Amino acid sequence: MDLKNISLEECLKLLKKKKISSKELTAFYLKEAEANKDLNAYISLNSDNAIKSAEESDKRISTNTSRPLEGIPIAIKDLFCTKDISTTAASKMLNDFKPTYESTVTQNLWDAGAILLGKTNLDEFAMGSSNETSFFGASINPWSKDNKKYVPGGSSGGSAAAVSGNIAIAATGTDTGGSIRQPASYCGIVGLKPTYGRCSRWGIVSFASSLDQAGPMTKTVNDAALMLDVMAGYDKKDSTSANLEKTNFYKNLKNNKKLRIGIPKQYKNDQLNDEIIKLWDLGIEYFKKNNCEIVEIDLPHTEYALATYYIISSAEASSNLARYDGIRYGLRNNSENINDLYEQTRSDGFGEEVKRRIMIGTYVLSAGYYDAYYLKAQKVRSKIINDFKKAFEKVDIIFTPTAPSDAFEEGSKIDDPIQMYLNDVFTVPVSLAGLPAISIPMGLSSNDLPLGFQIIGKSFDEDSVLSAAKIIEENANFKKEVG
Amino acid sequence: MDIDKKLVKKIATLSKVKIEETEVERISKDLSKIITWVEKLNEVDTKDVTPVANPSDIKIPFREDEINDGKIEDKILKNAPEKKAGYFVVPKVVE
């Protein structure tokens, strides 16, 4: 049996039919993860506990008391707090941090019978688009070739590399400006950022609280729905968590939903290369074939989204990361003087990109500059949200590329922050508006690297997003195997 | 806007980040570039626009201010770099 190229949905069936045990499945993936250490996808593996949990799952399966994800080993981005298990945010600051509590999203997964395989690599504190800012070194895109190392994207690069490299069946990610969708596109997998408020943020190391959202990274659209059904839900411990009815994304999935598809004219700009435009047109054909109506839409403030995002996310980050002071938890560089202790600890514990964003955030929030930068950005954010609201009066979903390019080589952009930020040009507007969006693999670039496309939905209409993704998935028939 | 060396040092102090004298110029260039880039927003007319802090239409709920846990000192102190007799230890702050 080929356990390598297997979807979560198929695994559930095999487990249910007792064709395989969870212990065998978990041991197989632990072994594969060990054998593929060069991908640097995992920061830590949960080897001993995973096998114990798998044995418990097998007992439940044998007594017909299975839960929705019973016995499925999954990878968790190392930004989710896991009780008594190292949670680093890929930062030296949290290198020795073992949370005393569990994040709500991971607790939901364990309550559904999923098993923690390991914690995956990311850009430090989720700040980056290439995974290169990780304290533990960059994770490698499994599609790398010709002795060159390509980035898996970021910040959830380890999760994307693990799923794409077949060393996890599925993974969790978090997305602040594209951190689930862009690595999913670069690694040729499915990545879903739900509506802001759909998944609890409680227990996820905070980056920018008005943008952060957890979501699944999987091999198929069905798997994303299966995962999100378990991850989502109201949580009174997160004041922005949405109190809505229990979701049923998996059951509601259709492959023939008649949708009105919006194509934003501002996204078809001069910088976009021909092969992406060609694939985009092909996707539009798939929708037409499925009796969907194609509508050109206007998102006039698109060009201001990145600047808005970098002001707001850095401002929120500078505030959120003030907690790392060397006193209550995390790294401490001792000194006789308290101010010196703070400064030494933070200079040593944070990497370059994190410090850069803290300083930008501090500047835009500081007296004399607050109105000109932070308040201004909050107002432009309002205009961007309105653009989407107007567009969604005419369409059900919006279809765009996920990123302006395929994966790039390690080291090629890390010295130019603005070039790096431009990777998020298509994902950031969605984040500012808090909307749900998925990245779905469509094909390969001329360099034989995956290219993903983004499907954006109305607030809390992940059903339409998933159904539209299903249309692309079935038509594109993207090859799952790496290389 | 140009973030000159003096302003870089002020921002670093506010950020509680220690920077070396040799780094100041590079950081000044970096930050100036990024801040000039985000000033693109000045092109947008935002007169009478209400700023948005939370993208969700859902109202943030209030709750009663009740004690719902406690007796978790051990958990709170577990990851402390330095602790003593149930307290976090810090350098002397009062003269």
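A:Asp146 counts as exposed, because just 7 C-beta neighbours sit inside 10 Å and a residue with 12 or fewer gets that label. Keep in mind that this is a predicted model. A:Asp146 belongs to the loop between β3 and α5 of chain A, and its phi is near 55 degrees, a positive value in a residue other than glycine. Most residues other than glycine have a negative phi, and most peptide bonds are trans. That makes a short list of backbone oddities worth a look.

| Site | Feature | Value |
|---|---|---|
| A:Asp146 | positive phi | near 55 degrees |
| B:Ala85 | positive phi | near 50 degrees |
| A:Asn477 | positive phi | about 45 degrees |
| A:Gly154 and A:Ser155 | cis peptide bond, omega | about 10 degrees |

The cis bond joins A:Gly154 to A:Ser155, and A:Ser155 lies in the loop between β3 (115-120) and α5 (157-164) of chain A. Over in chain B, B:Ala85 is in the loop between β1 (83-84) and β2 (87-88). B:Ala85 has 5 C-beta neighbours inside 10 Å, so it counts as exposed. A:Asn477 turns up just after α16(A), which brings us to that helix.

**Helix α16 of chain A**

Helix α16 covers residues 462-476 of chain A, 15 residues in all, and spans 21 Å from its first C-alpha to its last, close to the 21 Å expected at 1.5 Å a residue. Is this helix enclosed or exposed? Eleven of its 15 residues are buried, so α16(A) is largely enclosed by the rest of the structure. The buried ones include A:Val465, A:Leu466, A:Ala469, A:Ile471 and A:Ile472, and also A:Glu462, A:Lys470 and A:Glu473. What covers them includes helices α7 (221-231), α8 (249-252) and α9 (274-289), along with strands β9 (397-401), β10 (437-444) and β11 (450-457), from chain A.

A:Ile438 makes part of that picture concrete: it touches A:Val465, A:Leu466 and A:Ala469, among others. Further contacts of A:Ile438 include A:Val190, A:Leu192, A:Ala224 and A:Ile455, not counting residues up to four places away in sequence.

**The nonpolar core**

In soluble globular proteins, nonpolar side chains tend to be buried together. Here the largest nonpolar core has 155 residues. Those with the most contacts inside it are A:Ile74, A:Leu117, A:Ala168, A:Ile311, A:Ile397, A:Ile438 and A:Ile455. Which helix gives this core its largest share? That would be α10 (residues 305-320) of chain A, with nine residues.

**Chain B and its contact with chain A**

Chain B has three helices and two strands, in the order α-α-α-β-β from the N terminus. Its radius of gyration is 22 Å, well over the 12 Å that the globule rule gives for 95 residues, so chain B is more spread out than a compact globule. The C-alpha atoms fill a box of roughly 55 × 45 × 25 Å along the principal axes, and 16% of the 95 residues of chain B count as buried.

How many residues does each chain bring to the contact? Chain B puts in 38 residues and chain A 55. On the chain B side, α1 (5-14) and α2 (24-38) each supply at least two residues. The largest share, six residues, comes from α2(B). Sorted by class, the side of chain B that touches chain A has 24 nonpolar, six polar and eight charged residues.

Methods. Residues are numbered from 1 along each chain as its sequence is written. Chains are lettered from A and ligands numbered from 1 in the order in which they are written. This is a predicted model: local features need pLDDT of at least 70, side-chain atom pairs count only at pLDDT 80 or more; totals for chains, interfaces and linings use all residues. Helices (H or I, at least four residues) and strands (E, at least two) are DSSP runs, numbered from the N terminus. The radius of gyration is taken over C-alpha atoms; the globule rule is 2.2 Å times the number of residues to the power 0.38. A residue is buried if 20 or more other C-beta atoms lie within 10 Å of its own, exposed if 12 or fewer, and partly exposed in between; C-beta atoms are placed from the backbone. Two residues are in contact if their C-beta atoms, placed from the backbone, lie within 7 Å. Ala, Val, Leu, Ile, Met, Phe, Trp, Tyr, Cys and Pro count as nonpolar, Asp, Glu, Lys and Arg as charged, and the others, Gly among them, as polar. A nonpolar core is a set of buried Ala, Val, Leu, Ile, Met, Phe, Trp, Tyr and Cys residues joined through C-beta atoms within 7 Å. The expected span of a helix is 1.5 Å times one less than its number of residues.
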